Each structure stands twice: as structure tokens, then as C-alpha cells.
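Visitor: I would like to learn to read a fold feature by feature. Where do we begin?

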Amino acid sequence: MAEKIIIATDKAPAAIGTYSQAVKVGDTVYLSGQIPLDPVTMEKAGEDFDSQVVQVFENLKAVCEAAGGSLQDIVKLNIFMLDLANFAKVNEVMGQYIEQPYPARAAIGVKELPKGVLVEMDGVMVL
């Protein structure tokens with residue numbers, strides 16, 4: 001089996017369970033789900049979707065950078081939302097963080113997310 005390198009940074013929320021922020025195998029980095037927690041306080045970045053989705057992108061950005069890459073290196077992004085009516089807002093904010101060519105992506109409506117947040121994202125990055 002290829003060597004697994006654990007990626008960790010204090011610029012993103014610490015894991016709140018039995019997982020790593022990301023795992024690198026070869027030139028592929030598997031990004032764990034990021035929720036909108038402030039990495040310093042470990043509290044929600046706000047109650048509204050707008051502030052939460054921005055914090056999620058900031059957290060993903062920090063983990064990507066800790067792995068030696070950037071958001072632009074994500075090839076697959078999964079977005080989990082409590083309300084798919086926020087789809088347009090996700091597109092708007094994503095456009096501020098990631099330029100074309102965009103990654104493959106899924107946007108999935110879910111019943112609930114950890115800590116009562118409104119959005120979570122995970123992905124795969126290739127360096």
C-alpha cells in the first residue's frame with residue numbers, strides 16, 4: 001500500500017471525531033468534510049448560510065494549503081446543504097474562491113449536519 005501522509009493545520013478546525021483533516025496518498029489528497037467552524041473558537045461562523053459557506057471555503061483553503069496545494073487543485077468537490085435553495089449562493093461564493101476550470105462537483109440536500117450547521121464540503125485534490 002502507498003504511504004499515507006496525514007495533513008493537519010491549526011488554520012482549519014481540529015477534527016471533532018476519528019478522522020484527519022486530510023490524507024495524502026501519492027499526489028492525491030483526500031479532504032475530509034469541513035463545516036463552518038472558526039478554527040480558533042471551534043464555534044459556528046454565524047447562523048446564516050452566507051457566512052457559513054464562506055467559512056467552509058476558508059477552512060478548505062487552509063487544508064489545501066497545508067497539503068501543498070490550493071483550492072484550484074481540487075478535482076472533485078462534494079457540497080452538502082440542508083436547503084438546496086442555497087444552490088445559487090454556493091455558486092456565487094465558489095466563483096470567488098475557485099476559477100475555471102471548475103472541479104467536478106455534487107450538491108446534495110441532506111436532513112442534518114454536525115453541530116447544526118447549514119453546509120459541509122469535502123473533496124479530492126491532485127497536486
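Visitor: Take Glu92. Is Glu92 buried, partly exposed or exposed?

Guide: First, a caution: this is a predicted model. Burial is read from relative accessible area, with buried under 20% and exposed over 50%. Glu92 has 43%, so Glu92 is partly exposed.

Visitor: Which residue forms a salt bridge with Glu92?

Guide: Look for a Lys or Arg side-chain nitrogen within 4 Å of a carboxyl oxygen. Glu92 pairs with Lys89, and their closest N and O atoms are 3.2 Å apart. The two residues are 3 apart in helix H2, so about one helical turn separates them.

Visitor: Which other residue forms a salt bridge with Lys89?

Guide: Asp50, with closest N and O atoms 3.5 Å apart. That pair links distant parts of the chain: Asp50 sits in helix H1, Lys89 in helix H2, with their positions 39 residues apart. Asp50 is partly exposed, at 38% relative accessible area. Asp50, Lys89 and Glu92 are thus linked in a network of salt bridges.

Visitor: How many salt bridges does the structure hold?

Guide: The count is 3. Among them is the pair Glu47 and Lys44, whose closest N and O atoms lie 3.3 Å apart. Compare the accessibilities. Glu47 counts as exposed, at 60%. Lys44 is partly exposed, at 28%.

Visitor: Now the sheet. In what order do the strands stand?

Guide: Read across the sheet, following the pairing of neighbours. Here 6 strands form an open sheet in the order S1-S2-S3-S6-S4-S5, with mixed pairing. S1 (4-7) and S5 (104-109) stand at the edges. Each has a single partner strand, so one side of each is left without a neighbour in the sheet. From one strand to the next, the twist averages 15°.

Visitor: Which strands pair with S6 in the antiparallel sense?

Guide: Take each side in turn. S3 (residues 28-34) runs antiparallel to S6 (residues 119-126), and 5 bridges join them. In that pairing, Leu31 stands opposite Gly123. S4 (residues 74-81) also pairs with S6 in the antiparallel sense, over 7 bridges. Use the partners to fix the register. Ile74 has Met125 as its bridge partner in S6, and Met81 has Val119.

Visitor: Where do the helices lie on the sheet?

Guide: Check which strands each helix contacts, then the angle. Helix H1 (residues 49-66) lies across S1, S2, S3, S4 and S6, at about 25° to S6. Helix H2 (residues 87-97) lies across S4 and S5, at about 145° to S5.

Visitor: Gln52 is in helix H1. Is Gln52 buried or exposed?

Guide: Go back to the accessibility. Gln52 has 0% relative accessibility, so Gln52 counts as buried. Next, ask what a buried polar side chain reaches. The side chain of Gln52 comes to 2.7 Å from the backbone nitrogen of Leu118. Beyond residues up to four places away in sequence, Gln52 touches Pro36, Lys44, Gly46, Glu47, Val117, Leu118 and Val119.

Visitor: And a loop residue? What does Ile35 touch?

Guide: Place the residue, then list its contacts. Ile35 is in the loop between S3 and H1. At 8% relative accessibility, Ile35 counts as buried. Leaving out residues up to four places away in sequence, its contacts include Pro13, Ile16, Val56, Asn59 and Pro114. Val119 is also one of the residues that Ile35 touches. The C-alpha atoms of Ile35 and Leu60 are 9.1 Å apart, with the residues 25 apart along the chain.

Key
Residues numbered from 1 in each chain as written. Predicted model: local features only at pLDDT ≥ 70, side-chain atom pairs only at ≥ 80, totals over all residues. Heavy atoms only, no water. Pairing = 2+ DSSP bridges. Helix = DSSP H or I, 4+ residues; strand = E, 2+ residues; numbered from the N terminus. Axes fitted to C-alpha atoms, helices over the stretch in contact; angles between N-to-C directions. Contact = heavy atoms within 4.5 Å. Buried < 20%, exposed > 50% of the residue type's maximum accessible area, 1.4 Å probe, protein only. Polar contact = N/O pair within 3.5 Å; in protein donor to acceptor, adjacent residues only side chain to side chain.
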